[in-house]
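Hi everyone, thanks for making time this morning. I'd like to walk you through one structure and the side-chain contacts in it.

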Amino acid sequence: QEQFVESGGGLVQAGGSLKLSCSASKSTLSLRTIGWYRQAPGKQRELVARISPLHNTNYADSVRGRFTITRDNAKNTVNLQMNSHKTEDTAVYYCNLFPIALSWGQGTQVTVSS
């Protein structure tokens, strides 16, 4: 069973930065597009960024210019650098395959205070 482990969340002030990390097995990440998703309270889970095996990236309008997704295939990790946080970034963040997600991990909570 595929398994993703997310880490790096926490409490940050608006305007601050956090870096999230996603780890999974080599077989899970290799040659696959990986997405970072988030789910805010009372809202549906949404894709915020994705990265292809060739490092092509795509971002949701709400985070473009503030978030940067990268991958390190040697370490089997996909990171999300988040800068200039806004309160609306508060959510549980998950990583998974894109476009068809597999089982979800625990996620990591990001809380942005004003």
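I'll talk about the salt bridges and then turn to the disulfide.

Please keep in mind as we go that this is a predicted model.

Let's begin with charge. How many salt bridges does the structure hold? There are four salt bridges, and I'll spend my time on a group of residues that are joined up. Arg-38, Glu-46, Arg-66 and Asp-89 are linked in a network of salt bridges.

Let's take that network one pair at a time. Glu-46 pairs with Arg-38 through their side chains, at 2.7 Å from N to O. Are these two buried or exposed? Glu-46 has a relative accessible area of 32%, so it is partly exposed. Arg-38 comes in at 5%, and because buried means under 20%, Arg-38 counts as buried.

Arg-38 has another partner too. Its side chain also meets that of Asp-89 in a salt bridge, 3.0 Å from N to O. Where do these two residues sit? Arg-38 is in strand S4, residues 34–39, while Asp-89 is in the loop between strand S8 (77–82) and strand S9 (91–97). The pair therefore ties together parts that are 51 residues apart in sequence.

Now follow Asp-89 onward. Asp-89 is buried, with a relative accessible area of 0%. Its side chain also forms a salt bridge with that of Arg-66, and here the N to O distance is 2.8 Å. Arg-66 belongs to the loop between strand S6 (57–59) and strand S7 (67–72), and Asp-89 to the loop between S8 and S9, so this pair links parts that lie 23 residues apart in sequence. Asp-89 and Arg-66 are both buried.

That brings me to the cysteines. The structure holds one disulfide. Which residues form it? They are Cys-22 and Cys-95, and their sulfur atoms are 2.0 Å apart. Why do we call this disulfide right-handed? The torsion about the S-S bond is about 75°, and so the disulfide is right-handed.

As for location, Cys-22 is in strand S3, residues 18–23, and Cys-95 is in strand S9, so the pair ties together parts that are 73 residues apart in sequence. Cys-22 is buried, at 0% relative accessible area, and Cys-95 is buried as well, also with a value of 0%.

So, if you take two things away, take these: the network of salt bridges that links Arg-38, Glu-46, Arg-66 and Asp-89, and the disulfide between Cys-22 and Cys-95. Thanks for listening!

Conventions:
Residues are numbered from 1 along each chain as its sequence is written. This is a predicted model: local features need pLDDT of at least 70, side-chain atom pairs count only at pLDDT 80 or more; totals for chains, interfaces and linings use all residues. Side-chain values use heavy atoms; hydrogens and water are left out. Buried means under 20% relative accessible area, exposed over 50%, partly exposed in between (1.4 Å probe, protein chains only). Helices (H or I, at least four residues) and strands (E, at least two) are DSSP runs, numbered from the N terminus. A disulfide is a pair of cysteine sulfur atoms within 2.5 Å.
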